[in-house]
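Me: Could you take a close look at one part of this model for me, the charged side chains and how they pair up? I'd like a connected walk-through rather than a list.

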Amino acid sequence: MTKGNDIQVELKEMNSKLAQLPKEMPFDVPDNYFNAVTDNIVEMVLANDFIEQQSANPYTVPEQYFSAFPQKINQKIKEETTVTPTLFSLYPLLRPMQVAAAILIIIIGGFSFLHVPKNSISFQQQLKNIPDEVVREYVAQNDDENLNNNFSINSTYSFNKLSEEEITQFLEEQGWQ
Amino acid sequence: MDIQTKMIDDAAIVFAFKNEGRKEEAFTQLVKKYQERLYWHIRRMVVVHEDADDVLQNVFIKVWRHLDNFKEESGLYTWLYRIATNETMTWLELQKKRMSISLSDEESPVVEKLVAQKDFDAHKIEWKLQQAMQRLPEKQRIVFNLRYYDEMPYEQMSEVLGTSVGALKASYHFAVKKVENFILNHAL
């Protein structure tokens, strides 16, 4: 094997010693390799091709399935966008309504709580409305020393000694309840 | 390579290959025409015959699979060399990964295989040249291989490797200097 002219010229221009070297290949190649390799390669390629054909996908797909597929998908997307919204799909809209309802319930609840008449207040007011004569008469009838001595309509002390039940019963009798 | 094979035009091979009835015949002609050149291109890179044979078979399997889509924008010869070079590079990368020791870019996984070759003689200049070549970085080795042994014009090499002509000339220049230095430093 000899070097082509342009290769030699180039090496000489580079002032390279390689220009003087032989281009022999020292490698050993099995006898008859190049005569046999063509047949071997062709046989192998054909065998490979056969194996590939055999192991090809066994499933079949309807004709024009893949070419029609994008259109099919687009149609499905369009259909889905026109469907009546479900309760679940309205969830984002319902949310502010839920908040408003919760606020309303709190306001009504708070208002009701603040304006419910308390029993203790009502009871005191009822006591205030009893005329003094009626009270004195009751005291006289019950002959209670403490009540008689310390009676005052504003005094809570005397009434503390009476049970709420007794007072209620009295008021009922007198038609104040 | 006989005269009849040499005469067969690349375009005629490609044309015949695309005809289902002549596909096998055309492929056989193509293998006959290029097997030896591609074998040596690969062998100088991988060193061992069995490895070169494996890579060569892979190259022709790829050719069989893709020749139908060959656009003929580049020559068949360039296209075949590109496949052979890529297959060889992939094989070398795989060898590097398989080896437990890490190799630097300048170390080829085949240096040790070279000295194990039949008839290896470290004193002989042709073996020394191979040793020097195996110590080149991979891409520089391919450039040296294509230019020095295959005598491929830079323009064609540019198509095979996807690198500019200027870069290839510079790469070859450096490769020649390195090979020369190795031989001079390892002179008898």
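Reply: Let's start with K62(B), which is partly exposed, its relative accessible area being 35%. Keep in mind that this is a predicted model. K62(B) pairs with E87(B) in a salt bridge, with 2.5 Å from N to O. The two sit in separate helices of chain B, K62(B) in α4 and E87(B) in α5, and the link spans 25 residues, joining distant parts of the chain. The E87(B) end is the covered one: its relative accessibility is 12%, so E87(B) counts as buried, the cut-off being under 20%.

Staying on helix α4 of chain B, which runs over residues 49-66, you also find D51(B) there. D51(B) has 15% relative accessibility, so this one counts as buried too. If you skip the neighbours within four places in sequence, D51(B) touches V46(B), W91(B) and K113(B).

Go past α4 and you reach the loop between α4 and α5 (76-98) of chain B, where D68(B) lies; its partner K23(B) is in helix α3, so this pair ties together parts that are 45 residues apart in sequence. Their side chains meet in a salt bridge at 3.3 Å, N to O. Burial is uneven here as well: D68(B) is partly exposed with a relative accessible area of 35%, while K23(B) is buried at 11%.

Helix α3 of chain B brings in another pair, K33(B) with D10(B), a salt bridge with 2.7 Å between N and O. K33(B) is in α3 (residues 23-46) and D10(B) in α2 (residues 10-17), so the bridge ties together parts of chain B that are 23 residues apart in sequence. For this pair, both partners are buried.

What ties all this together is a simple idea: side chains of opposite charge can pair when their charged atoms come close. Over all chains, the structure holds 10 salt bridges.

Now for the charges that cross between the chains. Chain A and chain B share 2 salt bridges. R147(B) reaches across to D6(A), with the closest N and O atoms 3.8 Å apart. That cut-off is within 4 Å, so the pair still counts as a salt bridge. R147(B) also belongs to a salt-bridge network together with D6(A) and E10(A).

Around those charges, the polar side of the contact comes to 9 residue pairs in polar contact between chain A and chain B, both residues at pLDDT 80 or more. On the chain A side, the elements that give two or more residues are α1 (5-13) and α2 (33-54). The largest share, 12 residues, comes from α2(A). By class, that side of chain A has 19 nonpolar, 6 polar and 9 charged residues.

As for the contact as a whole, 34 residues of chain A and 41 residues of chain B take part. The area buried between the two chains is about 3,600 Å², and carbon and sulfur atoms give 68% of that. For chain A taken by itself, the accessible surface comes to about 14,300 Å², with 55% belonging to carbon and sulfur atoms.

Finally, some background on chain A: you'll see 9 helices and 0 strands there. Buried residues make up 21% of its 177 residues. Among its contacts between residues at least 6 apart in sequence, 39% join residues at least 24 apart.

How values were computed
Residues numbered from 1 in each chain as written. Chains lettered and ligands numbered in written order. Predicted model: local features only at pLDDT ≥ 70, side-chain atom pairs only at ≥ 80, totals over all residues. Heavy atoms only, no water. Contact = heavy atoms within 4.5 Å. Buried area = accessible area lost by both parts, 1.4 Å probe. Polar contact = N/O pair within 3.5 Å; in protein donor to acceptor, adjacent residues only side chain to side chain. Helix = DSSP H or I, 4+ residues; strand = E, 2+ residues; numbered from the N terminus. Nonpolar A, V, L, I, M, F, W, Y, C, P; charged D, E, K, R; others polar. Buried < 20%, exposed > 50% of the residue type's maximum accessible area, 1.4 Å probe, protein only. Areas by Shrake-Rupley, 256 points an atom, 1.4 Å probe, with all protein chains shown as cover.
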